[in-house]
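Here is a short set of exercises to work through with the model open beside you. Try each task before you read its solution.

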Amino acid sequence: MKRNTVIKIILFAGYFVFLVVSWLTGFNSGQEIGRNFISFSTTMLGIIPGAFILIGLFEVWVKRETVERHLGEGSDFRGYLWVILLGSTTVGGLYMAFPVAYALYSKGAKLSVIFTYLGAAAICRIPMAIFEASFLGVKFTVIRWLVSLPLVIITSILLGNYLTRKGYKVSAGK
Amino acid sequence: MYYLYIVAGLALLVSLIFSREKTTRSLKIAARRFIMILPAFLLMIVLISVVLYLVPDELISRYLGSDNKFTAMALASLLGSVTVIPGFIAFPLAGILVQKGVVYMVVAAFTTTLMMVGVLTVPIERAYFGLKVTVIRNIISFFIALVVAVVIGLSFGEIFQ
């Protein structure tokens with residue numbers, strides 16, 4: 001095992017021992033951290049299986065040429081529109097967008113499209129926007145979209161092109 | 001969340017009708033991808049559980065209600081960057097803050113960084129994109145959030161009165 005892995009395992013083990021000891025001794029802060037851990041884990045465990053099943057199906061069924069044509073190097077502005085739509089229907093938080101982004105990338109989507117997808121998944125998720133508009137008003141949400149989306153697309157193109165020139169690659173996640 | 005399972009379930013069913021072999025293969029890929037990223041997920045949840053404890057809602061309310069709008073905006077954007085709060089908690093909180101008199105600009109800085117900048121999701125983002133690109137993307141997102149906040153401030157007449 002690599003040294004890093006050992007350190008990580010020790011840290012995780014220490015964390016869980018801390019939670020168990022806090023729970024047994026009634027140490028308040030530790031108990032609260034434990035509750036946070038459980039509440040976040042359950043939220044994510046609710047989302048992750050469904051999302052990864054869709055990623056798996058996407059990998060097997062969607063042809064590489066299709067992704068390349070619509071989202072790859074030869075695609076036009078419609079590629080950005082597609083991923084904004086995809087981003088707005090992404091569930092969970094940004095954390096779930098990264099594996100999806102990798103799935104798109106491994107099928108040949110270009111970097112600027114990938115970064116636009118990440119941005120859209122952060123700012124355009126529809127369930128979230130409905131929540132936002134109902135608590136802060138439609139005007140707030142509309143302005144936020146109108147300002148952030150173009151900036152996301154422009155910066156994604158700049159960053160994507162820069163990294164493509166440098167021969168940058170996204171890795172499989174480890 | 002339910003529609004995710006309706007979509008995933010239907011997709012799986014259709015896939016199964018067309019090819020049992022491909023469906024098995026896709027489930028294997030799903031499991032492999034998930035296991036690969038699991039340590040990063042775990043690390044993220046551990047970080048979130050600690051940070052949420054250190055930064056409770058009251059603390060956020062206190063800092064965002066600060067008298068100087070620009071100090072409040074700076075604090076709001078930093079708090080938004082280092083925390084991960086689900087939308088169904090964050091927006092009601094934002095609504096309460098607005099009712100308490102916190103300006104929209106500050107609320108925008110908080111919610112937008114909350115959505116776009118993820119210090120706590122770095123373990124996952126880094127696993128795919130590497131540390132350098134992760135840092136660049138988050139810095140860009142931070143500045144986009146600030147621009148959004150300023151434009152919101154202008155639109156709601158909060159900057160020039």
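A patch is built from residues with over 30% relative accessible area and no salt bridge, with like charges joined within 9 Å and nonpolar side chains (Val, Leu, Ile, Met, Phe, Trp, Tyr) joined within 5 Å. Accessible areas come from the Shrake-Rupley method with a 1.4 Å probe, and for residues only the protein chains shown count as cover.

Some ground rules before you start. This is a predicted model, in which local features need pLDDT of at least 70 and side-chain atom pairs count only at pLDDT 80 or more, while totals for chains, interfaces and linings use all residues. Residues are numbered from 1 along each chain as its sequence is written, chains are lettered from A and ligands numbered from 1 in the order in which they are written, and side-chain values use heavy atoms, leaving out hydrogens and water.

**Exercise 1. Find the residues that form the nonpolar patch on the surface, and say which helix gives the largest share.**

Step 1. Select A:W61, B:Y2, B:Y3, B:I6, B:V7, B:L10, B:L13, B:V14, B:I17 and B:F18; together they offer about 1,100 Å² of accessible area.

Step 2. Now look at where they sit. Nine residues, the largest share of the patch, come from helix α1 (residues 2–18) of chain B. Helices here are DSSP runs (H or I, at least four residues), numbered from the N terminus.

Step 3. Take one member as a check. B:Y2 is part of helix α1 of chain B, and its relative accessible area of 72% makes B:Y2 exposed. The classes are: buried under 20% relative accessible area, exposed over 50%, and partly exposed in between (1.4 Å probe, protein chains only).

**Exercise 2. Describe how domain 1 and domain 2 of chain B meet.**

Step 1. Set the bounds. Chain B is assigned domain 1 (1–54) and domain 2 (56–161); such bounds come from an automatic or database domain assignment. The C-alpha centres of these two domains of chain B are 29 Å apart.

Step 2. Count contacts, meaning heavy atoms within 4.5 Å. Eleven residues of domain 1 of chain B touch twelve residues of domain 2 of chain B.

Step 3. Turn to area. The size of an interface is often given as the accessible area lost when the parts come together. Buried area is what two parts lose in accessible area (1.4 Å probe) on being put together, summed over both. For the two domains of chain B this is about 930 Å², with 81% given by carbon and sulfur atoms. On the domain 1 side, B:I37, B:M44 and B:L52 supply 41% of the area buried against domain 2 of chain B, more than any other three residues.

Step 4. Look for salt bridges (a side-chain nitrogen of Lys or Arg within 4 Å of a carboxyl oxygen of Asp or Glu). The rule finds zero across this interface of domain 1 and domain 2 of chain B.

**Exercise 3. How many salt bridges are there between chain A and chain B?**

Step 1. Start with the interface itself: 66 residues of chain A are in contact with 68 residues of chain B. About 6,200 Å² is buried between the chains, 81% of it from carbon and sulfur atoms.

Step 2. The count between chain A and chain B is one salt bridge. In that pair, B:R33 and A:E59 have their closest N and O atoms 3.1 Å apart.

Step 3. Place the partners. A:E59 lies in helix α2 (residues 28–61) of chain A and B:R33 in helix α2 of chain B, so the pair joins two chains. Both A:E59 and B:R33 are buried.

**Exercise 4. Are A:E132 and A:R144 buried or exposed?**

Step 1. Find the link: the side chains of A:E132 and A:R144 meet in a salt bridge (2.6 Å, N to O). This pair connects distant parts of the chain, twelve residues apart, with A:E132 in helix α7 of chain A and A:R144 in helix α8 (residues 138–165) of chain A.

Step 2. Check accessibility. A:E132 counts as buried at 0% relative accessibility, and A:R144 is buried with a relative accessible area of 0%.

Step 3. Set another pair beside this one. A:R78 and A:D76 form a salt bridge (2.9 Å, N to O); A:R78 is partly exposed at 48% relative accessible area, and A:D76 is partly exposed at 33%.
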